Amino acid sequence: ATAAVAPAAAQTFPSRPITMVVPFAPGGPTDIVARLVAERMSASLGQQVVVENVAGAAGTTGAARVSRAEPDGHTILMGPMSTMSFSPALYPNLAFNPLTDFEPVGIAASAPIMLVSAKKLPATTLAEFSAHLKANATTVNNGNAGVGSTSHLACTLLNQKLGVSPTLVPYRGTGPAIQDLVAGNVGYICDQVTSLMSQVQGGTITPLAVLAPTRSPVLPNVPTAKEAGMEGVDMVVWNAVFAPKGTPAPVVAALNAALRKAIDDPTARERFLQLGAEAPVEAQRTPEALRAVHAADVKKWGDVIREANIRIQ
Ligand code: MLT
């Protein structure tokens with residue numbers, strides 16, 4: 001039998017350092033996940049995987065850049081569920097199609113959203129928070145990573161349930177938003193536990209509720225939204241690797257293999273667990289699994305965004 005001849009690009013991949021674009025600022029969940037896997041993918045690919053933060057427009061600036069990059073595997077995206085699934089419903093002139101302009105590589109990790117408030121707010125439960133917010137709706141502000149980020153959609157759904165419209169303060173990622181939350185310039189945010197854990201453990205911000213169906217194993221005392229009396233605000237967020245459309249299948253396979261090795265690395269696994277993030281189960285690790293999850297989420301969250309009537313101003 002004759003073996004299929006692989007394209008030359010695939011045989012030599014990677015031939016130089018790989019750029020992994022993070023479409024948000026350092027210190028947020030997308031950045032944390034990217035840095036954890038990039039370091040370990042470098043080791044198994046034999047070339048540096050360099051993380052580059054290309055922030056702006058809720059991740060769509062960085063994702064657009066990767067969609068236009070040479071499809072040879074040397075420019076890839078750590079794409080959050082938000083940028084890749086919410087943007088079509090929100091941005092009428094989106095510069096890329098998240099479903100058709102990329103080759104899915106694989107899911108790196110998922111994590112639940114948590115509602116956290118500044119220490120200065122007199123609230124340690126969702127009920128106290130809700131009462132305080134309703135009484136002070138004009139002075140308590142809500143930080144997020146831009147219209148269409150997970151932090152924006154998650155807290156907007158929550159704000160709608162509470163019947164409040166606080167001033168929204170957009171950042172280039174939740175990394176800088178968390179710093180302002182710690183400093184007390186922001187009242188509250190909704191973000192993946194991944195980037196909140198160290199501040200929660202350090203006692204510098206207050207965890208109020210996990211906006212997901214189950215409690216986080218790293219914060220067993222923090223109730224779910226449902227346990228705290230609120231439904232319809234649950235969100236579990238994935239971060240996944242994408243390559244530009246047309247990247248050869250053997251290159252996608254090499255990236256997928258390196259990603260799997262990275263998330264199976266015992267120190268990475270341990271770190272993810274400490275941060276409350278979860279590696280995908282075996283069946284969810286293939287490019288095809290990501291393709292299916294991604295398509296389902298474009299549909300699901302598009303419907304939520306339209307139903308909640310969320311728009312860019
Ligand atoms: C989001 O709100 O979508 C993310 O938290 C942004 C980030 O990774 O900083």
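Helix α2 gives the shell around the ligand its largest share, 3 residues. Keep in mind that what you're looking at is a predicted model.

Let's stay with the ligand for a moment. There are 17 residues around the ligand, and the ones that come nearest are Gly 28, Thr 30, Ser 149, Ser 151 and Gly 173. Two or more shell residues come from each of α2 (29–45), α7 (150–162), α8 (174–183) and β7 (188–192). Sorted by class, the shell holds 10 polar residues, 5 nonpolar ones and 2 charged ones.

Now step back to the whole chain. Its secondary structure adds up to 12 helices and 9 strands. The radius of gyration is 19 Å, close to the 20 Å that the globule rule gives for 313 residues, so the chain is as compact as a globular protein of that length. Along the principal axes, the C-alpha trace spans about 75 × 40 × 30 Å. Of the 313 residues, 52% count as buried. If you take the contacts between residues at least 6 apart in sequence, 78% of them join residues at least 24 apart.

Two helices from the later part of the numbering are set out here:

| Helix | Residues | Length | End-to-end C-alpha distance | Expected span |
|---|---|---|---|---|
| α10 | 249–264 | 16 residues | 22 Å | 22 Å |
| α12 | 287–307 | 21 residues | 30 Å | 30 Å |

So what does α12 look like from the side? Its buried residues are Pro 287, Leu 290, His 294, Val 298, Trp 301 and Ile 305. These cover an arc of only 100 degrees around the axis, which puts them on the same side of α12. That fits a general point: an α-helix has 3.6 residues a turn, so residues three or four places apart point the same way. Turn to the other side of α12 and you find Glu 288, Ala 296, Lys 300, Asp 303 and Glu 307, which are exposed.

Which elements do the buried residues of α12 pack against? The partners are α4 (81–85), α5 (87–90), β4 (102–118), β9 (236–244) and α10. After α12 comes Asn 309, with a positive phi near 60 degrees.

As for α10, that partner has buried residues of its own: Val 251, Val 252, Leu 255, Ala 258, Leu 259, Arg 260, Ala 262 and Ile 263. Have a look at Arg 260 when you scroll through the helix, since a charged side chain is on the buried list there.

Conventions: Residues numbered from 1 in each chain as written. Predicted model: local features only at pLDDT ≥ 70, side-chain atom pairs only at ≥ 80, totals over all residues. Near = placed C-beta within 6 Å. Helix = DSSP H or I, 4+ residues; strand = E, 2+ residues; numbered from the N terminus. Expected span 1.5 Å × (residues − 1). Buried ≥ 20, exposed ≤ 12 C-beta atoms within 10 Å, placed from the backbone. Rg over C-alpha atoms; globule rule 2.2 N^0.38 Å. Contact = placed C-beta atoms within 7 Å. Arc of directions from axis to C-beta.
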